[in-house]
Each structure stands twice: as C-alpha cells, then as structure tokens.
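Work through the following exercises with the sequence and the coordinates side by side. Each task is followed by a solution that goes step by step.

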Amino acid sequence: MNKILWVVQILLALAFAMAGAMKLFTPIADLAAQMGWPDESSALLVRFIGLAEVCGALGLILPSALRIRPSLTPLAAACLVVVMGLAAGFHLVRGEMAALGAPLVLGALAAFVAWGRSKKAPIAARA
C-alpha cells in the first residue's frame, strides 16, 4: 500500500503543480483562451487557486519525503479534495459537464491519499 500511495502522491503532485503553475504564471488572457472561465473570474481568484494547487502539490510530497511533520501530507490531500469539490461545483453550476471528469478523478485520488496516509499507511516522523 505504501508504494501505491507514493505513486498516487507523485502523480497528483505533478498534476497539481503543473495546473497551479499555469494559473500562477500564465497571463489571464491566455488562460481564458485555453479554459474559458478565467476571464469571467477575478485575476486574484485565479492566482489564488494556482497558489493553493502548488502548495497542495508540495504538501503531498515534502512532509512525507522529508519525514518532517508527515501528518501534513493527509491534510494537504484533504484540502485538495475541497479544492476539487469546489471546482466540480463551479463547473456544474456553469453547465460544463465535460469539465467534471478531471476534478472528480483528482478529488477521489486525493481522498485516497488522505485516507491512506492517515489510516492505512501513515509515515512516521523522524526521531
């Protein structure tokens, strides 16, 4: 189970780091051309979502890898579940049913990590 959780953590971290970095550093007009919704939201919200995703990606890996406060990894995963739930709700309200797949899958994987790292295969802190 530990190996499966590490694989999922790494894949999720890569996905969230890439998506977050794109929202943080890409001009809003370019994001709007790719995604549609950023020009209808405030630029500050788009940047905040990007920052939350990048921080979540770091939280999925660093605490467990460094074994410094590894209890932060399931917390980061749980927070990403919330972010993906909000993303799914946002797309649902806008009628963008085709866009629901990614947040639902990423949210489910993040929930698996939150459960796995808190109950099934927690990582011990350095002694």
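**Exercise 1.** Is E96 buried, partly exposed or exposed, and what is its relative accessible area?

*Solution.* The model is a predicted one, in which local features need pLDDT of at least 70 and side-chain atom pairs count only at pLDDT 80 or more, while totals for chains, interfaces and linings use all residues. Residues are numbered from 1 along each chain as its sequence is written, and side-chain values use heavy atoms, with hydrogens and water left out. Take the classes to begin with: buried means under 20% relative accessible area, exposed means over 50%, and partly exposed lies in between, with a 1.4 Å probe and protein chains only. E96 has a relative accessible area of 22%, so E96 is partly exposed.

**Exercise 2.** Find the salt bridges and state which parts of the chain they link.

*Solution.* Start from the criterion, which asks for a side-chain nitrogen of Lys or Arg within 4 Å of a carboxyl oxygen of Asp or Glu. The structure holds 3 salt bridges.

Step one concerns K23 and E53, whose side chains meet in a salt bridge with an N to O distance of 2.9 Å. Because K23 lies in helix α1 and E53 in helix α3, this pair ties together parts that are 30 residues apart in sequence; helices here are DSSP runs (H or I, at least four residues), numbered from the N terminus. Both K23 and E53 are buried.

Step two concerns E40 and R94, which form a salt bridge with their closest N and O atoms 2.5 Å apart. This pair links distant parts of the chain, with E40 in the loop between α2 (28-35) and α3 and R94 in the loop between α4 and α5, 54 residues apart. E40 is exposed at a relative accessible area of 57%, whereas R94 counts as partly exposed at 31%.

Step three adds the salt bridge between R94 and E96, where the closest N and O atoms are 2.8 Å apart. E40, R94 and E96 are thus linked in a network of salt bridges.

**Exercise 3.** Describe the largest pocket and what lines it.

*Solution.* A pocket is found on a 1 Å grid over the protein atoms alone, as an open set of points where a 1.4 Å probe fits, with protein on both sides within 12 Å along at least five of seven lines, and lining residues have an atom within 4 Å of a point. The largest pocket has a volume of about 660 Å³, the volume being the space filled by probe spheres set on the points. It is lined by 23 residues, and the closest to its centre are K23, W37, E53, A87 and H91.

Next, sort the lining by helix: α1, α3 (43-66), α4 (72-93) and α5 (101-120) each supply at least two residues, and α4 gives the most, with 6. Finally, sort the lining by type, which yields 18 nonpolar, 2 polar and 3 charged residues.

**Exercise 4.** Which residues in the loop between α3 and α4 have a positive phi without being glycine?

*Solution.* R67, which is found in this loop, has a positive phi of about 60° although it is not a glycine. R69 has its place in the loop between α3 and α4 as well, and its phi, near 50°, is also positive in a residue other than glycine. In accessibility, R67 counts as partly exposed at 38%, and R69 as exposed at 55%.

Terms used:
Ala, Val, Leu, Ile, Met, Phe, Trp, Tyr, Cys and Pro count as nonpolar, Asp, Glu, Lys and Arg as charged, and the others, Gly among them, as polar.
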